[in-house]
Amino acid sequence: MKKCIVTVLGKDTVGIVAKVCTYLAENRINILDISQTIIQGYFNMMVIADVTELDKDFTVVCDEMAKLGEEIGVRIHCQREEIFEKMHRL
């Protein structure tokens with residue numbers, strides 16, 4: 001199984017979870033775990049997802065998610081699980 005980590009940060013507004021999850025579903029990316037919090041009006045979400053069935057290049061997905069974030073007023077960052085784990089071991 002290939003996994004990725006998606007983080008979403010920004011001012012809380014209606015529809016953030018729906019738009020991010022819709023994008024993931026449309027691209028055959030399965031959510032394995034999801035966590036979200038809102039602290040004093042700031043939205044924070046972390047998703048662990050399975051990208052095994054992904055039809056697109058992973059870098060294209062990351063770019064499209066970043067663009068989606070700009071459109072809805074948040075920052076979306078996507079990275080492969082192995083890179084995320086190696087970065088946090090240091």
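A residue counts as exposed when its relative accessible area is over 50%, as buried when that value is under 20%, and as partly exposed in between. Keep those cut-offs at hand, since several stops on this tour use them. Please also bear in mind that you are looking at a predicted model.

**Stop 1: Val14**

Select Val14, which sits in the loop between β1 and α1. Its relative accessible area is 82%, so Val14 is exposed. Now add Ile72 to the selection. Val14 and Ile72 are 58 residues apart in sequence, and their C-alpha atoms lie 9.5 Å from each other in space.

**Stop 2: the whole chain**

Zoom out and switch to a cartoon view. You should find three helices and four strands. Following the sequence from its start, the order of elements is β-α-β-β-α-β-α.

Is the overall size in line with a compact globule or not? For 90 residues, such a globule would have a radius of gyration near 12 Å, and the chain has 13 Å, which agrees. If you draw a box along the principal axes, the C-alpha atoms fill roughly 35 × 35 × 20 Å.

Turn on a surface next. The accessible surface of the chain is about 5,800 Å², and carbon and sulfur atoms account for 54% of it. Of the 90 residues, 32% are buried.

Colouring by charge brings up 11 positive and 14 negative side chains. The centres of these two sets are 3 Å apart.

One more value for the chain concerns its contacts. Take those between residues at least 6 apart in sequence: 66% of them join residues at least 24 apart.

**Stop 3: strand β1 and its two partners**

Select residues 3–11, which form strand β1. Which strands pair with β1? One is β3, residues 42–50, which runs antiparallel to β1 and is joined to it by nine bridges. The other is β4, residues 74–80, which is also antiparallel to β1 and pairs with it over seven bridges.

Some residue pairs to click on along β1:

- Cys4 has Ala49 in β3 as its bridge partner.
- Ile5 stands opposite Ile48 in β3.
- Gly10 stands opposite Val74 in β4.

While the strands are on screen, here is a general point for looking at side chains. In a regular strand, they alternate between the two faces of the sheet.

**Stop 4: the β2–β3 hairpin**

Stay with β3 and add β2, residues 30–39. These two strands run antiparallel and are joined by nine bridges. One pair to show as sticks is Gln36 and Met45, with Gln36 standing opposite Met45 in β3.

The hairpin of β2 and β3 has two residues between the strands. Select Gln40, in the loop between β2 and β3. What is the sign of phi at Gln40? Phi is positive, about 45°, although Gln40 is not a glycine. As background, most residues other than glycine have a negative phi. Gln40 has a relative accessibility of 77%, so it counts as exposed.

**Stop 5: Arg28**

Go to the loop between α1 and β2, where you will find Arg28. Here is another residue that is not a glycine but has a positive phi, in this case about 60°. Is Arg28 buried, partly exposed or exposed? With 43% relative accessibility, Arg28 counts as partly exposed.

**Stop 6: Lys19 on helix α1**

Select residues 16–26 to highlight helix α1, and pick out Lys19 within it. Lys19 counts as partly exposed because its relative accessibility is 43%.

What does Lys19 touch, leaving aside residues up to four places away in sequence? Leu68 and Ile72 are its contacts. For a distance to draw in the viewer, use Gly69: the C-alpha atoms of Lys19 and Gly69 are 9.3 Å apart, although 50 residues separate them in sequence.

**Stop 7: Met1**

Finish at Met1, in the segment before β1. Its relative accessibility is 67%, so Met1 counts as exposed. Setting aside neighbours within four places in sequence, Met1 is in contact with Leu32, Asp50 and Thr52.

For a last distance, select Met1 together with Arg75. These residues are 74 apart along the chain, and their C-alpha atoms are separated by 26 Å.

Terms used:
Residues numbered from 1 in each chain as written. Predicted model: local features only at pLDDT ≥ 70, side-chain atom pairs only at ≥ 80, totals over all residues. Heavy atoms only, no water. Rg over C-alpha atoms; globule rule 2.2 N^0.38 Å. Buried < 20%, exposed > 50% of the residue type's maximum accessible area, 1.4 Å probe, protein only. Contact = heavy atoms within 4.5 Å. Areas by Shrake-Rupley, 256 points an atom, 1.4 Å probe, with all protein chains shown as cover. Lys, Arg positive; Asp, Glu negative; His and termini not counted. Charge placed at Lys NZ, Arg CZ, Asp CG, Glu CD. Pairing = 2+ DSSP bridges.
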